[in-house]
Amino acid sequence: MNYFLRKLSFYAVALWAALTLNFAIPRLLPGNPVDILLAKLQQRGETVTPETRKAYALLLGGDTDDPLWIQYWDYLRNLAKGDLGVSVSYYPAKVSDVILTSLPWTVVLVGVATVIAAVLGVALGAIVGWKPGTWLDSLVPSTTLLAAVPYFWLALILVYLLARVLGWFPLQGGYDVVLTPGWNGEFIASAIQYGFLPALTIVLASIGGWLLGMRNMMVSTLSEDYILTAEAKGLSPRKILRSYASRNAVLPSVAGFAISLGFVVSGSVITEQVFSYPGIGGRLLGAVTNNDYALMQGVFLFITLAVLGANLLVDLLYGIIDPRTRARA
Amino acid sequence: MSPKNGLRRRAAAALAGAAVLGLALTGCSGASGGSGSSDTLVVYTGQAGDYQINFNPFSPTKIGGMGTIFESLFFFNKAEVRDPEPLLGTEQAWNEDGTVLSVTLREGVTWTDGEAFTADDVVFTFDLLKATPAINGGGYDGTAAAVDDTHVTLTFATPMFTKAPDLLSTPIVPEHLWKDVDPTADVVEDPVGTGAFTLKEFKPQAYTLEANPDYWGGEPKVKEVRYLSLSGNQAGADAIAAGTIDWQTGPIPDIQNTHENFPNYDAYTQWQNQMVLGTCSNADLGCTGPQTDPAVRKALYYAMDRDQLNSLAFMDTANDVSPVFTLTPSQDQFVSAAIEEPVAPQTAQADTASQILEGAGWAKGSDGIYEKDGERLSLTIEVVTGWTDYITAVDTIASQAKEAGIEIDAAQSSWNEWTDKRLKGEFELAIDSLWQGPTADPYYLYNYFFVSTATTEVGESAGNNYARFDNADVDAALAALSSLPLDDVAARQPYFDTIQAAVWEDMPYVPIMTGGTTSVWNTAEFTGWPSDEDLYAFPAVWSAWDCAEILKHLEPQG
């Protein structure tokens, strides 16, 4: 069978399995959305009586009476139509609307930060690996230390130092709320100003992994015969570094990068909590605490699709970049 | 759920460690600045995550507009026993037997789109509730009729005295716009009300209300109110420290010294919610465990050292509690003369606890823990993960109870799971808090938590009465109270006496203390906040009707 067809059919099965789990997991949570909603209302000082419970059970719909397999069938059918249902915690907003207002924030912030971390990490790793044993090697323990520190702790320290003490960056939020979101310079400048600190924490926390991986690959690549050959030919060290050593050493990092792009959507829960940043992570947290099944499924679906999509892309790209992966086709 | 800081706790559940660190980090700097233009009041209501637009006053997921945009007929102050404050209504009276409520409406009120407010709007609103069960949260089933342009009557089949605060707090909507609105599904992006504020703009991170220049009560002095979304009360405390918000209701570090740490701000605490150890108390309905013995519940009540609890767990913001759940001191007038001890003892009374247990047949075992028929007096308290003040309280109670020969363990679970266990009766003790009704009157609390219709057998989801208290005398007294006017003190007291005697005797909810609700607000830029001298509303930013009253009272300072 053709390599690409085989990959695609594998991903179709993986997608089905993921969708089924996505349906099952929220339903294993204890509690029900109406009780949580009532508890929330009561927190806001509203009167909660038996009549209130009845009214809201009616309002949010009693679809839980259907047998599970009918719910499952409806779920798959609606998914095929692109209908993710209605969010209970933001009733009557559609899940797709709730997700779409949050998604760009996460994709841009975490996406940009991931790209910066990967590019910087790989570039530094290549340089450090090129000259192992020099003072540059001290970059390895110092960046892995940053990666090893729990992320929220690193983020809180930076918030405290850079936002509270020095006042260089805003403490929380995604933009200055006086401005109107849109494609205008003022708003974009504000969004960049507000996003800088969260992005910095993500870069600092993840750069160590890239650097270490790339450096080690560099070191082992440098002992390959073709590097020796290149040196013997009298090529300039710069050219060897760029065209021979780095290009071969970067392959695992490319794979890692694509996979980490897949986790962009899910990797923002703590960042958003620490910085009160708008985005999908906060929505997911809210959905879980409110037993909002539809919203949870919607967010999980996006995460699943992102991870599967990124993996598929890597697999397909690898087939092109590296002929060895196609060998048994 | 304690409104006091449930929201903070929820955020903390996801990020407990981070929250604690945040407290430590942000607690030690005193920098504070202005919050933009001083005509604009910036508040944080506890909204966690982005806003999704919804100004439908009947929707459980609305984000605001109650009291500020949409007004009710009267405002009921639950912080103090007072006459209702007239809003769209000016006078209200029941007929003799409590079946007809007559309301006189304010003249000269207009909707913010220029149309006149009339009795038809009121009738339309009540008819809408009755015709749409999904939004009829108060169970309204009367008949509304307009007598003339400024008089409305609500007629019921049975006496409805006790429903008056809920009925008169119904937000009134304009008939000329709402006749085409689906009240269950419309999010009312462009709300038109009669209130002191109108919606200026909405963004997922914040929405802004602006003063209504044509308001019948005069244009409010605060020109704009901005509601921010942050990630939780911890972020709110950070924003107070940074001076970016003017008001939040929730704890901040070192709350006793708020004014010293942040000279622009002050903290103010009021007490509305009795913290309790809820017990699965009723063996007849399927509860099991030592706590089904009333003597055990009483012994726990006496074993607590409340002074120590207050300082260790509640930052000294909690207050005395009455064993019969009248708020003290504001509702002391309702306490039965037969209750010898109207306020729970502040220190541990180990001897009394022992006497009660021994009187009920318990005997101390070799390890110092009581036993009866081979059963050790060992109990488990359910507490929500991340609710740090309750977790500390449970640990403190456990060590205090041990002195009195009671063994207590804590079991932490997620909020959802905890709620589920509590409602289904699959617990022994749960730390929780009770809440008040729509106005300052203990009837509502008794009716929520002690009426047998609000409970069911273990295994099924109970209503508010999750302790599964079931007492025919109390049910009868509550029924009798519902057909008496709220101001008929003499006729009501005998029924309160009956209820309180049973509540004291059985103690299905073991009182801990009355939890404080603390607001931190900017007193340098705004004056007119509620105070002990003038407690015109319950000071909590998340309590919509109260918040609207406060916004109307505030005055910006220069």
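Across the interface of chain B and chain A, the rule turns up 10 residue pairs in polar contact, both partners at pLDDT 80 or more. Salt bridges are another story: the count across that interface is zero. Keep in mind that this is a predicted model. Below is a quick tour of the interface, then the big sheet of chain B, of 10 strands, and two threonines, B:Thr249 in strand E11 and B:Thr523 in a loop.

**Where chain B meets chain A**
- On the chain B side, 69 residues are in contact, and they meet 61 residues of chain A.
- The two chains bury about 5300 Å² between them, with carbon and sulfur atoms giving 58% of that area.
- B:Gln52, B:Pro60 and B:Gln205 are the residues of chain B that lose the most area to chain A, together 13% of what that side buries.
- Several elements of chain B each supply at least two residues to the side touching chain A: helices H1 (6–14), H2 (16–26), H6 and H12 (415–424), plus strands E8 and E10.

**The 10-stranded sheet of chain B**
- This sheet is open, its pairing is mixed, and its strand order reads E8-E9-E10-E1-E11-E19-E12-E18-E16-E17.
- Strands E8 (197–203) and E17 (407–413) of chain B sit at the edges, each pairing on one side only.
- On average, neighbouring strands of the sheet are turned by 25° against each other, direction ignored.
- Strands E9 (206–211) and E10 (224–230) of chain B pair in the antiparallel sense over five bridges, and B:Glu210 stands opposite B:Glu224 of E10.
- Helix H6 (233–242) of chain B lies across strands E1 (40–48), E10, E11 (247–249), E12 (265–279) and E19 (509–522), running at about 145° to E11.

**B:Thr249, in a strand**
- You'll find B:Thr249 in strand E11 of chain B.
- B:Thr249 counts as buried because its relative accessibility is 3%, under the 20% cut-off.
- Its side chain makes a polar contact of 2.8 Å with the side chain of B:Ser519.
- The side chain of B:Thr249 also reaches the backbone nitrogen of B:Val541, at 2.8 Å.

**B:Thr523, in a loop**
- B:Thr523 lies in the loop between strands E19 and E20 (526–527) of chain B.
- With a relative accessible area of 25%, B:Thr523 is partly exposed.
- Leaving out residues up to four places away in sequence, B:Thr523 touches B:Asn264, B:Tyr265, B:Asp266 and B:Trp529.
- B:Gly278 is 245 residues from B:Thr523 in sequence and 38 Å from B:Thr523 in space, C-alpha to C-alpha.

Notes: Residues are numbered from 1 along each chain as its sequence is written. Chains are lettered from A and ligands numbered from 1 in the order in which they are written. This is a predicted model: local features need pLDDT of at least 70, side-chain atom pairs count only at pLDDT 80 or more; totals for chains, interfaces and linings use all residues. Side-chain values use heavy atoms; hydrogens and water are left out. Two strands pair if DSSP finds at least two bridges between them. Helices (H or I, at least four residues) and strands (E, at least two) are DSSP runs, numbered from the N terminus. Axes are lines fitted to C-alpha atoms, for helices over the stretch in contact, and angles run from 0 to 180 degrees between N-to-C directions. Contact means heavy atoms within 4.5 Å. Buried means under 20% relative accessible area, exposed over 50%, partly exposed in between (1.4 Å probe, protein chains only). A polar contact is a pair of N or O atoms within 3.5 Å; within protein, one must be able to donate a hydrogen and the other to accept it, and residues adjacent in sequence count only if both atoms are side-chain atoms. Buried area is the accessible area (1.4 Å probe) that two parts lose on being put together, summed over both. A salt bridge is a side-chain nitrogen of Lys or Arg within 4 Å of a carboxyl oxygen of Asp or Glu.
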